[in-house]
Amino acid sequence: MFETLSDRLTSVFSSLRSKGRLSEADIDATCREIRIALLEADVALPVVKSFVAHVKERARGAEVSQALNPAQQVVKIVNDELIGILGGETRRLRYAKNPPTVIMLAGLQGAGKTTLAGKLAHWLREQNHTPLLVAADLQRPNAVQQLEVMAERANVAVYAPEPGNGVGDPIAVARQSIEHAKRQQHDIVIIDTAGRLGIDQEMMKQAADIRDAVSPDEVLFVVDAMIGQDAVSTAQAFMEGVGFDGVVLTKLDGDARGGAALSVRHITGKPIMFASTGEKLEDFDAFHPDRMASRILDMGDILTLIEQVQKNFDEAEAAKMAGKLTSGDGFTLEDFLEQMMMVQKMGPIKNLLGMMPGMGQMREQLNQVNDRDLDRVAAIIRSMTPGERQNPKIIDGSRRARIAKGSGVTVTEVSNLVVRFFDAQKMMKRMAGGLGIPGMPGGRKANKAAQKKAAKGRRVSGDPRKAALGKTSADTNDAPKAGGLLGKLGAGQLPPGMELPPGFDPSKFKLPGQK
């Protein structure tokens, strides 16, 4: 969603990198470009004025003029202001002292309230809660049936005593659902309310009456992130008519310019609490302002990527696989297929790669990534015999023809997969030795031993031209330092805006199987 804004800001900052010192003209030109970028992203004008004013004030201060790298300092200032405009800190749900906790959803029709109710229930169930969905939208055709389908998909209970389609009293349903939840021992109640295509008094009154009947612990305003400036006026109307405690953004995976996310929080003063980024139940999570700002500035989202890995990979299996990866030959096509299936559980490959820093500059290549390619690879491997998966070296011409016919691909594709697999085995061996990760086979000790052995057997020519040509990266300052990425974490060498959370000690970070 923020691709246009991200591209514009990245180009603005790239022009600053060559400057050792920023003049008043440089600061003014940078702020002007930032202003244009925000306006093009459909950010509300009051928000743009406030944002640019803060950036300009800080950029003219001592923190930039005295910085060793003024360009990086400006990036950090913009990152800090983005975090501030998105809410500063992650806002968590408030739970009732005496269950059930009541969460009421409000918003316009078409914002995705019913779908989001199912996603929120699924997310809470994964947090070891027992949510109950309540069908209080009795006006929209088939709204009750849709909520029942979402409840079934999320594997949660639903309270729907009325058929809907204009039949039933939504206020009575909402009130009765609390007692039902207490009897059935549900600790959270999520009430899906009716919406309209536009703001009207009848909808506002009904939402306010439901709020008064159930006294919710949280009222969440659900807004479509693709409606741009209308999100601000709609949010203001709901704030005055019903009131709400937090905002939930839906359809963040759309192709809109993303101004709603940057405007709603600033205009209403209420935090963005959750964001929906796709159609699946899993495409939903708490909203982290710092991570969103980092993505906008093309610094990646490593923390979310780590959380995804931890959620989808079993530690024991990961430790076992780590040993196979570093041994190289022990890693088979069967293991490769298993790992590929695990990666697919984490979501689209394009989204995962997009969490890496600097990937915004490779957007065209990312857009060419297709998850169907993984399905083709899986079909090829599944068409092999167990012996061929364990030892791909035995796959000759006739076997390749059989595998190609069984998987519906060409012989060339089968050959390419086998060749790439052997290349991957070699690469895994080199990575295990080059990363310098303690506790991993082929880590620091093996790496140092290999370097010592290589240095001992290296012959240096007396001709300085030949000697220069014979140098490797190990002889230069570009050589990877011991400790790899973890070493950089400990040394605090991450780019501005990607600092680790307070209290995080990288030295205590343990890989699976590491003591």
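Student: How does Phe 284 count, buried or exposed?
Tutor: Start with the cut-off. Under 20% relative accessible area means buried. Phe 284 has 6% relative accessibility, so this residue counts as buried. Keep in mind that the model is predicted.

Student: How many aromatic pairs does a search of the whole structure find?
Tutor: The search finds six. To read a pair, check the angle between the ring planes: over 60 degrees counts as edge-to-face. Trp 123 and Phe 284 have planes at 80° and centres 6.3 Å apart, so their pair is edge-to-face.

Student: Where in the chain do the two partners lie?
Tutor: Trp 123 is in helix α6 (residues 113-126), and Phe 284 is in strand β8 (residues 284-286). They are 161 residues apart, so the pair links distant parts of the chain. Trp 123 is buried too, at 14% relative accessible area. Trp 123 and Phe 284 also join Phe 274 in one aromatic cluster.

Student: Now charges. How many salt bridges are there?
Tutor: The count is 16. Look for a side-chain nitrogen of Lys or Arg within 4 Å of a carboxyl oxygen of Asp or Glu. Arg 91 and Glu 218 fit, with their closest N and O atoms 3.0 Å apart. Arg 91 sits in the loop between α5 (70-85) and β1 (101-106), while Glu 218 sits in strand β5 (residues 218-224). Both residues are buried.

Student: What about Arg 389 and Glu 334?
Tutor: Their side chains meet in a salt bridge at 3.1 Å, N to O. Helix α19 holds Arg 389, and helix α15 holds Glu 334. Arg 389 is buried at 13%, whereas Glu 334 is partly exposed at 29%.

Note on methods. Residues numbered from 1 in each chain as written. Predicted model: local features only at pLDDT ≥ 70, side-chain atom pairs only at ≥ 80, totals over all residues. Heavy atoms only, no water. Phe/Tyr/Trp six-rings, centres within 6.5 Å; stacked < 30°, edge-to-face > 60°. Helix = DSSP H or I, 4+ residues; strand = E, 2+ residues; numbered from the N terminus. Buried < 20%, exposed > 50% of the residue type's maximum accessible area, 1.4 Å probe, protein only.
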